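Here are a few notes to read alongside the model, written as one colleague to another. Have the structure open and follow the points in turn.

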Amino acid sequence: MGRAFEALARGPAAALVRVKPLLLCASSSRTGPVEGLISLAVELRKRGIDAHFGGDTVRPGENLAGQLAEAGVFWERELRLSRKVRIADVLHDARLLRSWTRAGRFDVLHAAFAHDHSLALWAKRRGVLVVRAAQRRVDVEAAALRLLALRKSDGVVVHARSYRERLLRDLPEERVAYVPPSVDGARFTPGASELRRKWGIPSDVPLAGIVARMKPERGHRQLLRAFAVALRRVPEARLVLVGRGEDEEALRALAPPQVIFAGYTRGSELTEAYRALDVAVWLREGNDGGCRGVLEAMACSVPVIAGSEGASGELVRDGVDGVVVDAQSEESIASALSALLGNPGRARSLGASGRERALTFTPARAASETLAFWERLRLRA
């Protein structure tokens, strides 16, 4: 299999090589880790590899089926992978996965969350790789059960170098790979946006924004308090919150009049949302530890104020593509907002640099590095 995987990493010439990956994510969302897996599957298909997807079929997310169909990725709907973790569903999925691996239907089980990872380990057998994509900081922290599961895996993929260094305290070097996130540079591009007019914000008003689910752990509250400080220095500035979530009501109660709640966006409107901004903010990772929103903003030539922890603080070069801050420090965030919103020329320069950097993080690169890692693991097996 060594030469076969080596050929795969080179690209489409390997169309006849038989590698059968199943990409697993116990989620009903069409964003977050699922979006990353779909992107990976698309790139694998270009190389002649028919990667299949397994996600939550008990509570399927909005238009997930349509997105998979558009991408040409087969959804294994017999799997349930319910986020509710019901015993009957777990037993059903465990039996099904074991029958598939015994029959040789799949030889790589690539899992994004702890639930699907546990099922993959249960189904593991000789000749089948189990790989865990450790998405977030919590996935690499030294909890006993979590580390036990990672040790039983053939390999672990992380999206931040710092997370790899953390795992190397407990796992062999050859079993942990850093694979950076990716962005579609043809979809996320600089350009005009009609959303400022929709939001009621003049084109010459400095505008910062965050595109993220409204959850307490994403840093919206710190951002609102920091923005209130920045307003003393740049009083004409505005802040837009793009997204939805369980914390929205509380955030509305905290927000000053200069804050706009734009709601949920997707498709071409998501690109327009980034284009409308002078400065993007991304303080803490969500379910997708790759922090793809950072690269999406950068690809649109928008400078990013990024939290220092995880992938976001590694993707943004401080003072080159944006500003890296301590996400716990409201003063640090306020200073960065003031510096960029008060200096449009500087912000544009950082944004242009960010676009160049974002274009190096391609989906093809991510797929090739993932395939190369699978190859190294296969050689060790």
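## Notes on the cavity, the sheets and the salt bridges

1. Let us begin inside. The lining of the largest cavity draws at least two residues each from β11 (279–282) and α13 (292–299). Its lining residues are V211, Y274, A280, V281, W282, G293, V294, A297 and V304. Please keep in mind throughout that this is a predicted model.

2. How much space lies in the largest cavity? About 50 Å³. The count of cavities of 30 Å³ or more comes to one. By class, eight of the lining residues are nonpolar and one is polar, with no charged residues.

3. Strand β11, met above in the lining, also belongs to an open sheet of six strands, ordered β10-β9-β8-β11-β12-β13 with parallel pairing. Because β10 (259–263) and β13 (322–325) stand at the edges with a single partner strand each, one side of each has no neighbour in the sheet. On average, neighbouring strands of this sheet are turned by 20° against each other, direction ignored.

4. For a closer look at one edge of that sheet, take β9 (residues 238–242) and β10, which run parallel and are joined by four bridges. Here L239 stands opposite V259 in β10.

5. There is also an open sheet of seven strands, again with parallel pairing, in the order β3-β2-β1-β4-β5-β6-β7. Which strands stand at its edges? They are β3 (74–75) and β7 (176–178); each has a single partner strand, so one side of each is left without a neighbour in the sheet.

6. Within the seven-stranded sheet, β5 (residues 129–134) and β6 (residues 155–158) pair in the parallel sense over four bridges. A133 is a handy residue to display there, as A133 stands opposite V157 in β6.

7. Turning to charged side chains, the count of salt bridges comes to 28. One of them joins E35 and R187, at 3.8 Å from N to O. E35 sits in helix α2 (residues 33–46) and R187 in the loop between β7 and α9 (195–199), so this pair ties together parts that are 152 residues apart in sequence.

8. Is E35 buried or exposed? E35 has a relative accessible area of 19%, and the cut-off for buried is under 20%, so E35 counts as buried. Its partner R187 is partly exposed, at 31% relative accessibility. The pair does not stand alone: E35, R187, D288 and R292 are linked in a network of salt bridges.

9. A second salt bridge worth displaying is E246 with R213, whose closest N and O atoms are 3.2 Å apart. E246 lies in the loop between β9 and α11 (248–254), and R213 in the loop between β8 (207–211) and α10 (220–233), so the pair ties together parts that are 33 residues apart in sequence. E246 is exposed, with a relative accessible area of 53%, while R213 counts as partly exposed at 42%.

10. Finally, E331 and R233 meet through their side chains in a salt bridge of 3.1 Å, N to O. Since E331 lies in helix α15 (residues 330–341) and R233 in helix α10, the pair ties together parts that are 98 residues apart in sequence. E331 counts as partly exposed, at 43% relative accessibility, and R233 is partly exposed too, with a relative accessible area of 42%.

Conventions:
Residues are numbered from 1 along each chain as its sequence is written. This is a predicted model: local features need pLDDT of at least 70, side-chain atom pairs count only at pLDDT 80 or more; totals for chains, interfaces and linings use all residues. Side-chain values use heavy atoms; hydrogens and water are left out. Two strands pair if DSSP finds at least two bridges between them. Axes are lines fitted to C-alpha atoms, for helices over the stretch in contact, and angles run from 0 to 180 degrees between N-to-C directions. A salt bridge is a side-chain nitrogen of Lys or Arg within 4 Å of a carboxyl oxygen of Asp or Glu. Buried means under 20% relative accessible area, exposed over 50%, partly exposed in between (1.4 Å probe, protein chains only). On a 1 Å grid over the protein atoms alone, a cavity is a set of points where a 1.4 Å probe fits but cannot get out, and a pocket is an open set with protein on both sides within 12 Å along at least five of seven lines; lining residues have an atom within 4 Å of a point. Grid points are joined across faces, edges and corners, and a volume is the space filled by probe spheres set on the points. Ala, Val, Leu, Ile, Met, Phe, Trp, Tyr, Cys and Pro count as nonpolar, Asp, Glu, Lys and Arg as charged, and the others, Gly among them, as polar.
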